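Welcome! Please take a look at the sequence and the structure shown here, and then read on for a short guided tour.

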Amino acid sequence: MEQILSRQEASEAVQDYGWRFLLGTLRTSVRVRSLARAVSLAADTVAVCGDDADRHLQVDVRPDRVVFTLQSLDRVAVTTRDVELARQISATADRSGLLAEPEIGAGAPRSVQLLEIAIDALNIAGIRPFWKAVLGYADEAGAEGPEDPLIDPVGQGPAIWFQQMDRARPQRNRIHFDICVPHDEAPRRIETALAAGGRLVSAIRAPAFWVLADLEGNEACVTTWQGRDS
């Protein structure tokens, strides 16, 4: 029977197969040398996933890489079936002489990651409809409340979530980026950001997230799945 996995269980189940757990999904990347090869690999993968492809798999096909994302759309979570599919996809890539990997390390353009935009608000229910309308966004399945996040219905843009403010903070930026990276990529990402002129604002909630800022105080958070289970 298909079961929902905890963050820890999902991460540990796929790490050896070149996948990483990011924001309720599993993600990996396979480098290729042409768009034709990328399309062929994507087709092979869909065939391997069979009837579960439409319910679990998203594929981003580019001339230089194919990025695979797994999540049970029915449950909006990672399940045991997603783990099985991740193993099969990695094996499919391997049979083609390719490697499923999270692209962690200095030699990669960047690791697999997911981007979210956070908006601080005193009245989340009041501003949420505006952002939903102006972006053409939609409610996430199972999260349709007046303060819930918003998602791009075609999966191209970053998710938007709203952070409750307890008082007005006019001297602080009200919108910041959350960059969710693999847990074993976070230290390198933070190090390079600091070396590029950034500063560490807070590590109180690490390893769930670190708050960084540029020279003018604009903030971004590097986030991981760790440190979120009480």
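The report below covers the nonpolar cores and then the salt bridges of this chain. Please keep in mind that this is a predicted model.

## The largest nonpolar core

A good place to start is inside the chain. The largest nonpolar core has 26 residues, and the members that touch the most other members are Trp19, Leu26, Phe68 and Leu70. Several elements give two or more residues to this core: helix 1 (7–14), helix 2 (35–49) and helix 4 (80–95), along with strand 2 (25–31) and strand 4 (65–70). Of these, helix 4 gives the most, with five residues.

To get a feel for the packing, try finding Leu26. Leaving aside residues up to four places away in sequence, Leu26 touches a list of residues that includes Ala10, Val14, Trp19, Phe21, Phe68, Leu70, Val78, Val83 and Ala86. The contacts of Leu26 also include Arg20, Thr69 and Asp82.

## A second core

There is also a second core, separate from the one above, with eight residues. Among them are Ile117, Ile119, Ile124 and Ile160.

## Glu103 and its two arginines

Now for the charged side chains, where the count comes to 17 salt bridges. Glu103 is a nice one to look up, in the loop between strand 5 (100–101) and strand 6 (114–121). One of its salt bridges is with Arg31, with the closest N and O atoms 3.1 Å apart. Arg31 belongs to strand 2, and the pair links distant parts of the chain, 72 residues apart.

Glu103 also forms a salt bridge with Arg65, and here the closest N and O atoms are 2.7 Å apart. Arg65 lies in strand 4 and Glu103 in the loop between strand 5 and strand 6, so this pair ties together parts that are 38 residues apart in sequence.

Are these three residues buried or exposed? Glu103 is buried, at 4% relative accessible area, and Arg65 counts as buried too, at 16%. Arg31 is partly exposed, with a value of 37%.

## A pair within helix 4

Helix 4 has a salt bridge of its own to show you. Glu84 and Arg81 both lie in this helix, three residues apart, which is about one turn. The closest N and O atoms of their salt bridge are 2.9 Å apart. Glu84 counts as partly exposed, at 38% relative accessibility.

Which residues belong to the network that includes this pair? Salt bridges with shared partners join Glu84 and Arg81 with Glu2, Asp52, Arg55 and Asp74.

How values were computed
Residues numbered from 1 in each chain as written. Predicted model: local features only at pLDDT ≥ 70, side-chain atom pairs only at ≥ 80, totals over all residues. Heavy atoms only, no water. Core = buried A, V, L, I, M, F, W, Y, C linked by side-chain atoms within 4.5 Å. Buried < 20%, exposed > 50% of the residue type's maximum accessible area, 1.4 Å probe, protein only. Helix = DSSP H or I, 4+ residues; strand = E, 2+ residues; numbered from the N terminus. Contact = heavy atoms within 4.5 Å. Salt bridge = Lys/Arg side-chain N within 4 Å of Asp/Glu carboxyl O.
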